[in-house]
Amino acid sequence: CPPKNYYDQTDLECKPCHETCASCGGSSDQNCISCAGDLVAIPTGAPAICISCPSPRIALELGEAKFLHKDPSVTPTVYQNSSEPLKFVYAGCPSDTVLRVSVTSTTAGNIEQIQATLDSTLNKQLIEFPASVFEPEKEYDFKFQIMPAPRGGTNQDLVIMNVTVQVTTDALPWVSTITCSEKELIPEGTNYMSAVVNNFDSETMSLKWVTNPDTLNVVYGGNTSLLYFEGTGPKKAALTPGDELTFQISIQHPKGEYLSPIFSFTVNSPPTGGIFTVSPSSGDSLVTEFTLNSSSWVDADLPLTYKYYLTLEGGSLRFLGTGQQLKTYLSTESRSDQQLVIVCHIIDEIGAKTVRSQTVSLKAIQDDSVVLTSTSTKIQGLSGAVPIQNLPQVVQLASAIQSVTESSLLDSQKRQIESLIKFLTIATGTTFTESQVLDYVLSLNSVVSKPELIVATAADSALDIYDALRLQAGSTGLSGIVD
């Protein structure tokens, strides 16, 4: 007979099995030999009954502590304070299954009283004991039988789980929750995990994190309630967007080990589906205005942030600006024509990043006077706009100023510095001297590829300007541009 059929000895032909059976000896749902799909068989041999029972589990509530038991192959030991209530919550199987619990003990004397409570709550999904029912410093062994409702005169066990409860008067440790600083884990950057640990005594107890996978690039913690780890690392496996990671706390205490519930977190996926363009594709240094545009990017974690960079020699990046669309001028780093790579970072609210790039052809300007005149025009034009939004362009133009500091055009250079002073005055409401602005330009350019070092390396005068700009930007929501 074909699959899911059996041979009928009376009619001498193949007939279909019941829909719950993968193979069978008859047409009834009680004649299954093996089960279809995710259904499981009542272990009574063949024929059998197949029912759906995905992931049966017993949740133990030990006072405020919670423990989830879902592996029938192990018998965990949990610890219960005698002054707190105890609950068993059964879930995972359909409504036509029931839970029977029995208890034994080789040390306790009130087994009959506890079993009477268990028997009186047969078929309920919640079994609750008040505080002080269990005797201190005793051990109780519970057997959970998840059973189908009676059918055809049978009432056989479907799943059996066992739990040992040790009762103590000690204040026991427990973990109420594990959280992440973001809604999801980030594949690039630092993930900050935190556990709320109760009744933990550092002198008599030790704590460790149990993670899956266990190859995380940990930078701090692991034996405290905090765990910091990088999404990528030189010797560790990188996080893959969409993957699920699990976290658990193990605490060794004088009575034994406590294992917290398992908490799962998903690795954030970066924005997808969009495009990044630069127009025009070629132009003249400090003369042509380029339009950088990002559009049609999709992500669940909004809003998106768009950051643009110019790739310098050696691979470092110079920040150009932010926004879905940015208009800017570009300059060459030498007196020869260059192919420049413009990079766009599309970043979601949590920090997942997609990187795209475009190449533009830039024609160098050979005459210093043309550079200075063009730069002067751009700075004068920027000073009439919303100044703080154009700070990246000022840095770009200031680089052009510095590129001709060794020339003989000192008077023209001085006029350019005066223009920059005018701009900074409008941007910050503070007047700076020529030497301060020169220090600022030189300091900024020396660390433009390493912005995290600006505070450590800039001269005092440069810091004054930076702080003023940062303060001004704070009220406009553009502090990231200044940074």
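A disulfide here is a pair of cysteine sulfur atoms within 2.5 Å. I'm keeping that cut-off in mind while I go through the cysteines, and I note that this is a predicted model.

**Entry 1: Cys21 and Cys32**

I began with this pair and got a disulfide, with the sulfur atoms 1.8 Å apart. I looked up the torsion about the S-S bond and found -65 degrees, a left-handed link. Cys21 sits in strand 3 (residues 21-24) and Cys32 in strand 4 (residues 32-35), so the pair links distant parts of the chain, 11 residues apart. Then I checked whether the two ends are buried or exposed. Cys21 comes out buried at 1% relative accessible area, and Cys32 is buried too, at 0%.

**Entry 2: Cys1 and Cys14**

How far apart are the sulfur atoms of Cys1 and Cys14? I get 1.9 Å, and the two form a disulfide. Cys1 is in the segment before strand 1 (5-8), while Cys14 is in strand 2 (residues 13-16), so this disulfide ties together parts that are 13 residues apart in sequence. The torsion about the S-S bond is about -90 degrees, so I wrote this one down as left-handed. For accessibility, I used over 50% as the mark for exposed. Cys1 has 53% relative accessibility and therefore counts as exposed. Cys14, at 35%, is partly exposed.

**Entry 3: Cys17 and Cys24**

I found another disulfide between Cys17 and Cys24, with 1.9 Å from sulfur to sulfur. Its S-S torsion is -85 degrees, and the link is left-handed. Both ends fall under the 20% cut-off for buried: Cys17 has 12% relative accessibility and Cys24 has 9%. That fits my tally, as the structure holds three disulfides.

**Entry 4: two further cysteines**

I also looked up Cys180 and Cys344. Cys180 is buried, with a relative accessible area of 14%. Cys344 is buried as well, and its value is 0%.

**Entry 5: helix 1**

Next I turned to helix 1, residues 111-120. Which of its residues are buried? My list reads Ile111, Ile114, Gln115 and Leu118. Why do I put them on the same side of helix 1? They cover an arc of only 95 degrees around the axis, so they share one side. I then went round to the face turned away from that buried side and noted the exposed residues there, Glu112 and Ser120.

Note on methods
Residues numbered from 1 in each chain as written. Predicted model: local features only at pLDDT ≥ 70, side-chain atom pairs only at ≥ 80, totals over all residues. Heavy atoms only, no water. Buried < 20%, exposed > 50% of the residue type's maximum accessible area, 1.4 Å probe, protein only. Helix = DSSP H or I, 4+ residues; strand = E, 2+ residues; numbered from the N terminus. Arc of directions from axis to C-beta.
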